[in-house]
Amino acid sequence: MSEDYDKGRPREIFHYSCTDEELSFDYKQLPTYTLNENLKPGLLKNGKKRPMLGLKGGFTDYKPKALTEKQSKIGILLLALLVYEKINKINNPVEESIDKKDIEILAHNDIFISLILNLDQVFNIILYKGKMIFAKTGTKNKPVKIYSYIGHKFVATVCKTDNPRDLSYFKLLLEGKYGDWKYKSVARVNGFKQHYIW
């Protein structure tokens, strides 16, 4: 284990791209961050004002992803974890009971926001063979289009990608510790600076 992991800072152990709900274990949906010239402060080199950048483009055609009442929001995390464990030949315990100090939490990264900010959110918790799976119960069955669009449009603008869609993204599978608890979670990453490429 790395020193950062031991201090509680999570580390990347795997990653995946979701493209129109098709999963691949690569960096395909991680664009390069490149600030649009018209978003930079100050005048253009020729002394003229920068043109206003329209943020409405694509809103009419934008369709936020809606989830059904009982659709899993942790299913892709679990699929990615299965692939990661298969590639790395990781065997999980077969017994139903396991010492509680060896239990590992599986959850989306927003569980930590809920814990830190003491948000009033409800999770289904499933304990299965040493894994404590936290599945958020809130649904996106009636997403507010404008709120969903704003975040996607911001990413599309700074990364110079196509108009926003809600079906494609890149996520890191992280491993870390929360106090004494080991966990694996996923965090969405929207872009990276070219000189930080690994």
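Hi everyone. Let me start with a term we'll need: a salt bridge here is a side-chain nitrogen of Lys or Arg within 4 Å of a carboxyl oxygen of Asp or Glu. Please keep in mind that what you see above is a predicted model.

With that term in hand, look at Lys 184 and Glu 175. Their closest N and O atoms are 3.4 Å apart, and the two form a salt bridge. Are these two residues buried or exposed? Both Lys 184 and Glu 175 are buried. This pair belongs to a wider network: salt bridges that share partners join Arg 11, Glu 104, Lys 131, Glu 175 and Lys 184. In total, the structure holds 4 salt bridges.

Let's walk through two more of them. The side chain of Glu 175 also meets that of Arg 11, with 2.8 Å from N to O. Glu 175 sits in strand E6, residues 169-178, while Arg 11 sits in strand E1, residues 11-19, so this salt bridge ties together parts that are 164 residues apart in sequence. How covered are the two partners? Glu 175 has a relative accessible area of 8%, so we call it buried. Arg 11 comes out at 30%, which means partly exposed.

Now over to Lys 184 again, and its salt bridge with Glu 104, where the N to O distance is 2.7 Å. Glu 104 belongs to strand E3 and Lys 184 to strand E7, residues 181-188, so here the parts being tied together are 80 residues apart in sequence. Both Glu 104 and Lys 184 are buried.

One member of the network, Lys 131, brings me to my last stop, which is strand E5, residues 131-136. How many of the 6 residues in E5 are buried? The count is 5, so the strand is mostly covered.

And which strands pair with E5? One is E3, residues 104-108, which pairs with E5 in the parallel sense over 3 bridges. If you'd like to find this pairing on the screen, look for Leu 106, whose bridge partner in E5 is Ile 133. Another is strand E4, residues 123-128, which runs antiparallel to E5 and is joined to it by 6 bridges. There, Leu 127 has Met 132 of E5 as its bridge partner.

E4 and E5 form a hairpin with 2 residues between the strands, and in that hairpin Lys 129 takes a positive phi near 45 degrees.

So, to recap: one network of salt bridges joins five residues, from Arg 11 to Lys 184, and strand E5 pairs with E3 and with E4. Thanks for listening!

Key: Residues are numbered from 1 along each chain as its sequence is written. This is a predicted model: local features need pLDDT of at least 70, side-chain atom pairs count only at pLDDT 80 or more; totals for chains, interfaces and linings use all residues. Side-chain values use heavy atoms; hydrogens and water are left out. Buried means under 20% relative accessible area, exposed over 50%, partly exposed in between (1.4 Å probe, protein chains only). Helices (H or I, at least four residues) and strands (E, at least two) are DSSP runs, numbered from the N terminus. Two strands pair if DSSP finds at least two bridges between them.
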